[in-house]
Amino acid sequence: ISIWRNPELTTRALLNSSDYEQAIAHIESLPNKTALIQKGYQQVCFLKGQQLFNDSRFKESIVYLQKALVYPKVADITQQTYYLLGESYSIGGQDAEAKQYFEKSIAMGESTSKTNAHYGLGYLLYNQKRYDKSEEQFRAFTARAKPTHQFYADARLRLGDCYFVQKKYDPSIQTYESLIRDERVSTDYVLYQLHTIPLL
């Protein structure tokens, strides 16, 4: 029997081919979708959305990432999808949508996606000048992320700024001083901020 007469085998073959658009079109054309096919649909829509996100085609990525939530069969993929939707909407200036998806990713439990969602949400709130809420998210991120994480130093810097703006000078000084020798941030900026803090 040809695999093209077996929807599950056809779906598996298309998934393995990395032709995401063809696989998606095939699955969407099926009148009946088994749990296995639904799982494959979630996976391939996420992969296509992730590919577009990595290519900085954020509006297009949202279309496929939303499709990945039609059948939320695999929790890890669902959580990653929420995070990438948060980032995509945030980049597009749609703060309400971004916040919603960052929070959904965070609510699903400990994972890399949750850690990164704290960072994304922290920045969103920081840009809105909601420094108390931003502080909470950057603190949550730095508590979970390893110091080698690509966003770690920047999150620490923004955390120092949140403290500074709220006049929490002691933790602000401690945070800035921990970054003086970190090559990932501007030493000039850190020293300027330290010199700006009033003498206690």
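The legends below describe close-up views of a predicted model.

**View 1. Packing of helix H3 against helix H4.** Helix H3, residues 35–54, and helix H4, whose axes come within 8 Å, cross at roughly 170 degrees, and the two helices are therefore roughly antiparallel to each other, since angles over 145 degrees count as such. The crossing in which H3 passes H4 is left-handed. On the H3 side the contact is made by Tyr-41, Cys-45, Phe-46, Lys-48, Gly-49, Gln-50, Leu-52 and Phe-53, and on the H4 side by Phe-58, Glu-60, Ser-61, Tyr-64, Leu-65 and Lys-67. Sorted by class, the residues of this contact comprise eight nonpolar, three polar and three charged.

**View 2. Packing of helix H4 against helix H5.** Helix H4 covers residues 58–67 and helix H5 covers residues 75–91; their axes come within 9 Å and cross at roughly 150 degrees, an arrangement in which H4 and H5 are therefore roughly antiparallel to each other. H4 passes H5 in a left-handed crossing. From H4, the residues Phe-58, Ser-61, Ile-62, Leu-65 and Gln-66 meet Thr-81, Leu-84, Leu-85, Ser-88, Tyr-89 and Ile-91 of H5. The contact of H4 with H5 holds seven nonpolar and four polar residues, with no charged residues. Among the H4 residues shown here, Phe-58, Ser-61 and Leu-65 also belong to the contact with H3.

**View 3. Surroundings of Ser-113 and Asn-116 in helix H7.** Ser-113 is placed in helix H7, which covers residues 112–127, and Asn-116 is placed in H7 as well. Ser-113 has a relative accessible area of 8% and is buried; Asn-116, with a relative accessible area of 11%, is likewise buried, the cut-off for this class being under 20%. When residues up to four places away in sequence are not counted, Ser-113 touches Gln-79, Gln-80, Tyr-83 and Ser-105. With its neighbours within four places left aside, Asn-116 is in contact with Tyr-83, Phe-141, His-149 and Phe-151. Tyr-83 thus appears among the contacts of Ser-113 and among those of Asn-116. The C-alpha atoms of Asn-116 and Ala-140 are 10.0 Å apart in space, while the two residues are 24 residues apart in sequence.

**View 4. Helix H8 and what covers its buried residues.** Helix H8 runs over residues 131–144, and its 14 residues, at 1.5 Å a residue, should span 20 Å, which agrees with the 20 Å between its end C-alpha atoms. The buried residues of H8 are Tyr-131, Ser-134, Glu-135, Gln-137, Phe-138, Ala-140, Phe-141 and Thr-142. These buried residues are covered by elements including helix H6 (95–107), H7 and helix H9 (152–165). One of them, Phe-141, is in contact with Asn-116.

**View 5. Helix H9 and its partners.** In helix H9, 12 of the 14 residues are buried, so this helix is largely enclosed by the rest of the structure. The buried residues are Tyr-152, Ala-153, Ala-155, Arg-156, Leu-157, Arg-158, Leu-159, Gly-160, Asp-161, Cys-162, Tyr-163 and Phe-164, and they pack against H7, H8, helix H10 (169–177) and H11. The expected span of H9 at 1.5 Å a residue is 20 Å, and its end C-alpha atoms are 20 Å apart, which agrees. Just after H9, Lys-167 takes a positive phi of about 65 degrees.

**View 6. Helices H10 and H11, with Gln-193 and His-195.** H10 and H11 pack with their axes 10 Å apart, at an angle of about 155 degrees, and are therefore roughly antiparallel to each other; H10 passes H11 in a left-handed crossing. Ile-173, Tyr-176 and Glu-177 in H10 meet Val-190, Gln-193 and Leu-194 in H11, and by class this contact of H10 with H11 has four nonpolar, one polar and one charged residues. Gln-193, in helix H11 (residues 187–196), has a relative accessible area of 8% and is buried. Not counting residues up to four places away in sequence, Gln-193 touches Asp-161, Phe-164 and Tyr-176, and of these Asp-161 and Phe-164 are buried residues of H9. His-195 also lies in H11, but counts as exposed at 68% relative accessibility. From C-alpha to C-alpha, His-195 and Thr-142 are 24 Å apart in space, with their positions 53 residues apart in sequence as the separation.

Methods. Residues numbered from 1 in each chain as written. Predicted model: local features only at pLDDT ≥ 70, side-chain atom pairs only at ≥ 80, totals over all residues. Heavy atoms only, no water. Axes fitted to C-alpha atoms, helices over the stretch in contact; angles between N-to-C directions. Helix = DSSP H or I, 4+ residues; strand = E, 2+ residues; numbered from the N terminus. Parallel < 35°, antiparallel > 145°, perpendicular 65-115°, else oblique. Left-handed = near helix turned anticlockwise from the far one by under 90°. Contact = heavy atoms within 4.5 Å. Nonpolar A, V, L, I, M, F, W, Y, C, P; charged D, E, K, R; others polar. Buried < 20%, exposed > 50% of the residue type's maximum accessible area, 1.4 Å probe, protein only. Expected span 1.5 Å × (residues − 1).
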